[in-house]
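Thanks for coming. I will show one structure and talk through some of its parts in turn.

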Amino acid sequence: MLKISSLIITISVLSFSVIANPESQKYLGFNYPHKAQNAVSITFDDARHSQVDVGTAILNRHQIKATFYVSPFNVKQRLTQWQDAVKSGHEIANHTSSHVCTGNFEWLRAQDLSLEHTTLKWLENDILSAQQYLKDHLGVTPRAFAYPCGNTFVGRGIDTKSYVPLIAKHFDSGRTWLDESANNPNFTDFAQLTGLRIDGMSFDEIITMLDQLRENNAWLILAGHEIGNGDQYTTDAKVLEQLLVYLKNPNNGYWLDTVTNVGDYVKAQREK
């Protein structure tokens, strides 16, 4: 009984010392280039045609490099324009060959595709075939990946398996979708970087989101699909223009670069 009491006292003392010594949990900060408070990466998924028909011109005009997570079936239909995007310095990243997500999407089940009925081996082959296509036709070997629909699993029920380790094996980073937090540079898992929706949002709504999530020198990865005028999967072209102007202003404290460039910097800094 004495030993148990002594253990309880020891644990209590240790717990109290952590609470009583806030220095032990003090945030140490993170340093970005140009004395920026936060890093931002602009990303778009799927290789939608509007990205090269409309988006790259806007980005190039403001000298901003974006990360495009692409699937070959869309790249093929605008191949020359995607080759131009590479020449302009934009990052081309992997988004699988088949864009397979949960079968809760009816349009996927109509193609007899779903993560619930997919194996890790099949998915790995699908991802690597996209990798080979992008190497052969765009001359790049993607280092970044985005999970289609933000889904990170295969199988169902007790047979469900994560494919995050598969992405960690083949890529330097993997980005999810529709997240509620940004990436803490001192903590974030590079195989599960968070992605923040900008589709269907006004400029003011995006700025409010950035202000709410930029604590602890967060790295904010913004994610869209179509670019122009449209629905909930479209980033308004005028809003994108406003956003780029705002983010480039050094007074607002943001450093903009591609996912892989920011990722390389963060890894190097937090290993020191």
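By class, the lining of the largest cavity has four nonpolar, three polar and four charged residues. This is a predicted model, I should say at once. The charged residues come from a lining made up of Arg143, Asp172, Ser173, Phe190, Leu193, Trp219, Val259, Thr260, Gly263, Asp264 and Lys267. Which helix gives the largest share of that lining? Helix H10, residues 259-270, does, with five residues. The space inside this cavity comes to about 50 Å³. As for how many cavities there are of 30 Å³ or more, the structure holds one.

Next, the pockets. The largest pocket has about 350 Å³ of volume. It is lined by 22 residues, and Arg48, His99, Cys149, His225 and Tyr233 are the closest to its centre. Two elements, E1 and helix H3, residues 72-75, give two or more residues each to this lining. Sorted by class, the lining of the largest pocket has nine nonpolar, eight polar and five charged residues.

The second largest pocket holds about 170 Å³. Its lining consists of Pro33, His34, Lys35, Ala36, Leu247, Lys248, Pro250, Gly253, Tyr254, Trp255 and Leu256. Both H9 and E12 supply at least two of these residues, and E12 has the largest share, with three. The classes here are seven nonpolar, two polar and two charged residues.

E1 has come up already, as one of the elements lining the largest pocket. How many of the residues of strand E1, residues 38-46, are buried? Nine of its nine residues are, and the strand is mostly covered. Now to its partners. Strand E9, residues 219-224, runs parallel to E1, and the two are paired over six bridges. In that pairing, Ala39 stands opposite Trp219. Trp219 is also one of the residues lining the largest cavity. Strand E12, residues 254-256, is joined to E1 by three bridges, again in the parallel sense. There, Val40 is opposite Leu256. Leu256 is also in the lining of the second largest pocket. Strand E2, residues 67-70, is parallel to E1 as well, with four bridges between them. Asp45 is set opposite Tyr69 in E2.

From Tyr69 we can step one strand further. E2 and E3 are parallel and pair over four bridges, and the bridge partner of Tyr69 in E3 is Ala93. Are the faces of strand E3, residues 91-94, buried or exposed? Glu91 and Ala93 are on one side, Ile92 and Asn94 are on the other, and all of them are buried, which leaves both faces covered. As a general point, side chains in a regular strand alternate between the two faces of the sheet.

On to the nonpolar core. The largest one has 42 residues, and those touching the most other members are Ile42, Trp82, Leu210, Leu222 and Leu247. Helix H9, residues 237-248, gives the largest share of this core, seven residues. Leu247, from that list, is also a lining residue of the second largest pocket.

Let me stay with Trp82 for a moment. What does Trp82 contact, leaving aside its neighbours within four places in sequence? The residues are Ala47, Arg48, Gln51, Val52, Phe68, Val70, Asn74, Val75, Ile92 and Leu138. Arg48 is also one of the residues closest to the centre of the largest pocket, and Ile92 is one of the buried residues of E3.

Last, two backbone angles. His99 is not a glycine, yet its phi is positive, at about 50°. His99 sits in the loop between E3 and helix H5, residues 106-109. Is His99 buried or exposed? His99 counts as buried because its relative accessibility is 11%, and the cut-off for buried is under 20%. His99 is also among the residues closest to the centre of the largest pocket.

Asp112 is the other case. Its phi is near 60°, again a positive value in a residue other than glycine. Asp112 lies in the loop between H5 and helix H6, residues 120-138. With a relative accessible area of 73%, Asp112 is exposed, since exposed means over 50%. So of these two loop residues, His99 is buried and Asp112 is exposed.

Conventions:
Residues are numbered from 1 along each chain as its sequence is written. This is a predicted model: local features need pLDDT of at least 70, side-chain atom pairs count only at pLDDT 80 or more; totals for chains, interfaces and linings use all residues. Side-chain values use heavy atoms; hydrogens and water are left out. On a 1 Å grid over the protein atoms alone, a cavity is a set of points where a 1.4 Å probe fits but cannot get out, and a pocket is an open set with protein on both sides within 12 Å along at least five of seven lines; lining residues have an atom within 4 Å of a point. Grid points are joined across faces, edges and corners, and a volume is the space filled by probe spheres set on the points. Ala, Val, Leu, Ile, Met, Phe, Trp, Tyr, Cys and Pro count as nonpolar, Asp, Glu, Lys and Arg as charged, and the others, Gly among them, as polar. A nonpolar core is a set of buried Ala, Val, Leu, Ile, Met, Phe, Trp, Tyr and Cys residues joined through side-chain atoms within 4.5 Å. Buried means under 20% relative accessible area, exposed over 50%, partly exposed in between (1.4 Å probe, protein chains only). Contact means heavy atoms within 4.5 Å. Two strands pair if DSSP finds at least two bridges between them.
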